[in-house]
Each structure stands twice: as structure tokens, then as C-alpha cells.
Amino acid sequence: MTTSPEPASGQSPGPPAPDVDVLVVGAGITGIYQLYRAREAGFSVQLVEAGDGVGGTWYWNRYPGARFDSESYTYAFLFSRELFDEWEWQEHFAGQPEIERYLNHVVDRFDLRRHMRFGAKVTSATYDEPSGTWRVVTGDGGEVRTRVLVAATGVLSVPYFPDVPGREDFRGESYHTGLWPTTPVDFAGKRVAVIGTGSSGVQLIPVIAGEVASLTVYQRTANWCTPLNNAPIAPDEQAKLRADFDAMCETLNTSPAGFLHGAHDRATYDDPEEERLAFFEQMWNSPGFSKLISHYTDLMVDPAANAEWCEFLAGKVRGIVRDPATAEKLIPKDHRFAEKRPPFVHGYYEAFNLPDVMLVDLKETPILRVTPSGIETAEGIREFDIVVWATGFDFGTGALLRMGIRGRDGLALADDWADGPRTFLGVQTAGFPNLFFPGGPHAAAGNNPRYNGDQVDFVTETIVYVRDHGYDTVEVGREAQERWTSMVDRNASKSNFGEISYYFGTNIPGKPRKYLLNSGGRPKLFAMIAEVLQSDYAAFRMSRSSDRSTDRSTDRSTDLTGTSA
Ligand code: NA7
């Protein structure tokens, strides 16, 4: 898989040569790692990015309060011991500015910026069968012909604006948390509305609550928010992190969800009530996702156990929020803990004790329309200077389906996936040779960079295999894809997350209701990758340009072993 040579003079020109071996789309964590791995493997590389800087999700989501809720050092790149040693994270859960600094540091540290073009949003990507290349057009007028196209476009990268009447008519300032401007927004003394109380809204609200003249929070569904319990990383912890690097990598690489938190060894009713309450208290005070991963083993299995934890959390909310009516509205009544992706907070419930912060329950009084100066609900109109839409994303497939991708025979990815994504390992789909999408749909829930990094490693290993065996295209066979996809669909009901979670696409009107993650998690991915390698890529079809030009396809799919999923 190398760039084709120019034809010798006198020969008829062959198919157009690619400009580059590997084009990566997206300068987020996955795209940066993919660019690095492909270049280190000896490919010529380029990266195009819609934004004007590095970071992907961590570039666009720069709203006040945006921060990791996975531990910084577990979310970071782990491919270089030197990088790990030299970058000192300031907090266990870093805020967006530190994250953006880190990602820029990595890009410069490994001399990756020269391969990147910013302000270049992909508008179309068309596969050319004879040459086995992709022609990729960007909104800045650029065009790149690439052998391999890696869409590292992320799962939470297309902001969702609900279709509320009058939304465009608002004459004040209007922002989406996932599309935050690079110039700071001045909240001081402003009348502010925040619509949405998912992870983004509940991070933003406490940070601006003390600064604004008034803050009105429009909540449709209350969430089970628990404390993030962030803290600065003390010098002795910094030293320990470095001393324990190998052990940490081992734990992360073998953890089903890519976290350091270990599983608990007891179920809820193994402990008498007093000990249960003490354990709940310990969980409340524990960092981030340990409240899900290190909790009682039956938390997500036994509804009574989950309800008991929820009752404990409801008590916490009632204890923090002084106004009982507001407290009741903030306590979810329609779903169990972690049925939706649980947000982690700092000072969220406390913010509602401030005199000018108020909560509007949209289940009682839905938004009727946005007016030029405010928001109208059944209880009347409130006027605002700033409206913030913290209303989430078109998860999983949003970015991929907007890239104008057309594969073999002009097949549009948006048509092929009209009923939901079909993938193998969440990295490839049949009919689209040499297209990969690590970190896309059918990835596992958990600490994203770990799982996405596994996928990037697999993509890199695959294209190296293709090159080293003299092929130049690779495409997963339909049988393997259908087995993987039916495994994902079949196991959707085993997911902790309910259909009310955006992981099923249900937050976007008209979107097919399909589970967009792989509930088999990393163990399933690892097992399948091992099978692929063991079977010498039998599930994939590979071809050479000489075969294609003589219409004599080298079809390895006949070797399909019936890869199980
Ligand atoms: P989320 O978690 O999808 O939250 C979106 C919020 O917006 C949620 O509270 C929604 O209420 C609310 N929403 C959506 N549409 C409407 C309308 N039409 N009216 C009122 N409220 C609405 O997105 P986030 O950005 O907070 O978090 C996304 C991920 O980023 C998060 O999981 C982390 O991985 C980081 P609903 O619950 O649907 O009733």
C-alpha cells in the first residue's frame, strides 16, 4: 500500500496516483493517535480538521466547566513513556484548557502539525474503484486523493439543536455547548437560560451561576448526578503515577471499560443496612466513574439494589437543595441510576440555593417557542440576554453520515446505513474499501481513548498487513460484518443503558432506534481481533491494482471462515 509510481513515458496513463497513503479526518484524540501510528508505520500521511485547532471534542466543547470525567492520566496517550513522564497533569480530572494545551503539546512533541490542515471540513469522499483510492473534497476548496481514508470524526461531534419554534429568531447571544466560541463569553450581569441538563449542562451551570444576573435552567429530564470529587494532583501522587506507569497501563489495557477502578466483590444485600449506607457514603465520596464500576456488583442487575442507591442519592439532593419543591424536581422519577449516561458534577445541586438561579421543569411547562427576546413556556415568557443550548449530539453516526461518503458503485453511506450502522469491530463497513472509522459507532462504552486506541492499533496493523502482502485495498466481507452487527443488536438489551439514553439514537427525531455502542465491550473486541489475526484476515477481501485493471479481483472473501461474533 504505497503511492503508485508515475507511468513511464510512452505508457498509457494508469489510474490517478494518490497524493497520500493515509488521510485522517479529525484532529481529536483518536485522529492524532492514528496520524502518529500511520506515519510511524512508514505511510505518507495527512490530516484534515474542520476546526481551527487541535482537540476535536476538546476543541469544540470549550464551555466554562468542561472537563474530563475519566482520570486525566487514564484518558491521555500512553504510547510514549517519555510523554507520560514529562507532562504533569494538574488535576485528577483536567479542565478543557489544560486538555487543549496537552493535545497541542503532543502534536508538537511528535512533529505532527506539519501533516495537519485546519479549517478543512470534508464535504465529500468518493471511492474510485479502478485506482482503489478515495477522492476527498474539503470545504476550503482542497482536494486530496488518498489510498486509505480514516474518519476519526468522533461520536459526540455533531451538536443537536432541537426544533423549537422561533429558535432562529432569538436576538440575544445564543450558544451550543458543543460549538462553543474560541473567544470567551461574558456572562457577568447577564440574564441567562440553559436548556438541557445532561453532562454538559450540569458542568456549565455551577460555574456561571455565581456570575450571572439570573440563571434559568430548563430541565426536561432530571439526571442522577453525583460528585466528580476532583482534586489537584499532589507531588507525591505525581511521583507515584510515574513509578506505577507499567502497572497502570496493564490495568487500563485489561479493564473492560478502560478504567483504573476495580470491581467490587460484594452485592448490595451481602451487607447489613448500616454497612450499606456506609458504602453508599464511600461511593458518594469516590472519584468519577468508580460510582458505577466499583459499586455493588448487582447495582445494574437488581432493580431493588439500584432503587436503594437512588433513594440514598435522593436524600443527598434533599439535603443540599434548600427549596423542597426544587429538590423534588431535581430528583429523577422516571429512570434508575446509570440508565442514562451518569453525569459527574461539582457544586451542581448547590447552585440552586443561589437567589437568582431557578429551575423550570419542562415536563410540567414545556417550551412553546423561543421569542426574539426570550423563551415562552405554558407559565409565560422569560427574557434573556444569553441562551445556551446544552441539548446534546447526534451520537455515533452523526459526523460519518454528513461527510458525503460514497463507496463502491456510488453507494452513499447515508443510504447504506439508513436503518442504522452495520460494521465489523466498529472500524469498517462492507462496500467501502480502505475506509476505517475508529472511535465511531459500535465502539464500547467507557473511557473512550482506550477503546478507540485499540481500534487505531488494529487499523494500523491491518493496513501494514495489506501493504506488506502486496495488496492495496482491503474491505471487510459482508458475512463477518453481519455477524458483528447482529451481535451488537442482539446484545443491546444487555446494555446498562436504557432506550431513553442517546446511545440508542432516541434523542434525535427520526433516527433509527439502534444501539450505537458494543455492549460486549473491549473483551469482545480483543477476542475478535485475535480471531482475525489468527485466521490471517480471512474475513477481509483484499485486491491489487493489477488485478483490478485486468478485472481479475483477488477475492479473499472466499476464505471466510465464518468469523463468530
Ligand atoms: P446529553 O447528555 O444528550 O444531554 C442533552 C440534554 O438536553 C438533556 O438534558 C436533554 O433532555 C436535553 N434536551 C434535548 N432536547 C431537548 C428539548 N427539545 N428541550 C429541552 N431539553 C432538551 O448531552 P450533553 O452534551 O450534556 O452530554 C453529552 C456527552 O458529552 C456526555 O454523555 C458525556 O459523554 C460528554 P432529555 O434527557 O433528552 O429529556
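The following exercises, with worked solutions, concern a predicted model of a protein chain.

**Exercise 1. Overall dimensions**

Determine whether the protein chain is as compact as a globular protein of its length.

*Solution.* Begin with the inventory of secondary structure: the protein chain holds 18 helices and 20 strands. Next, compare the radius of gyration with the reference value. The chain has a radius of gyration of 25 Å, and the globule rule gives 24 Å for 565 residues; the two are close, so the chain is as compact as a globular protein of that length. Along the principal axes, the C-alpha trace extends over about 85 × 55 × 45 Å.

**Exercise 2. Burial, contacts and surface**

State what share of the residues is buried, and describe the contacts and the exposed area of the protein chain.

*Solution.* Of the 565 residues, 57% are buried. Turning to contacts with a separation of 6 or more, 70% of them join residues 24 or more positions apart. Finally, the exposed area of the protein chain is about 22700 Å², of which carbon and sulfur atoms contribute 50%.

**Exercise 3. A sheet of three strands**

Establish the strand order of the open sheet that contains β14, and identify its edge strands.

*Solution.* The order of the 3 strands is β13-β14-β15, and the pairing is antiparallel. The strands that pair on one side only are β13 (367-371) and β15 (380-383), which are thus the edges. From one strand to the next, the twist averages 20°. Now consider one pairing in detail: β14 (residues 374-377) is connected to β15 by 4 bridges, the two strands running antiparallel. Opposite Ile-381 of β15 stands Glu-376.

**Exercise 4. Packing of two helices**

Classify the mutual orientation of helices α15 and α17 and list the residues that form their contact.

*Solution.* The axes of α15 (residues 448-468) and α17 (residues 521-534) lie 11 Å apart, at an angle of about 10°. Angles under 35 degrees count as roughly parallel; α15 and α17 are therefore roughly parallel to each other. On the α15 side, the contact involves Arg-450, Tyr-451, Asp-454, Gln-455, Phe-458 and Glu-461. On the α17 side, Gly-521, Arg-522, Leu-525, Phe-526, Ile-529, Val-532 and Leu-533 take part.

**Exercise 5. The surroundings of Thr-216**

Decide whether Thr-216 is buried or exposed, and name its contacts beyond four places in sequence.

*Solution.* Locate the residue first: Thr-216 belongs to strand β9 (residues 214-219). Its relative accessible area is 4%. Buried means under 20%, so Thr-216 is buried. With neighbours within four places in sequence set aside, Thr-216 contacts Val-192, Ala-193, Val-194, Met-358, Val-360, Arg-382 and Phe-384.

Key. Residues numbered from 1 in each chain as written. Predicted model: local features only at pLDDT ≥ 70, side-chain atom pairs only at ≥ 80, totals over all residues. Heavy atoms only, no water. Pairing = 2+ DSSP bridges. Axes fitted to C-alpha atoms, helices over the stretch in contact; angles between N-to-C directions. Rg over C-alpha atoms; globule rule 2.2 N^0.38 Å. Buried < 20%, exposed > 50% of the residue type's maximum accessible area, 1.4 Å probe, protein only. Contact = heavy atoms within 4.5 Å. Areas by Shrake-Rupley, 256 points an atom, 1.4 Å probe, with all protein chains shown as cover. Parallel < 35°, antiparallel > 145°, perpendicular 65-115°, else oblique.
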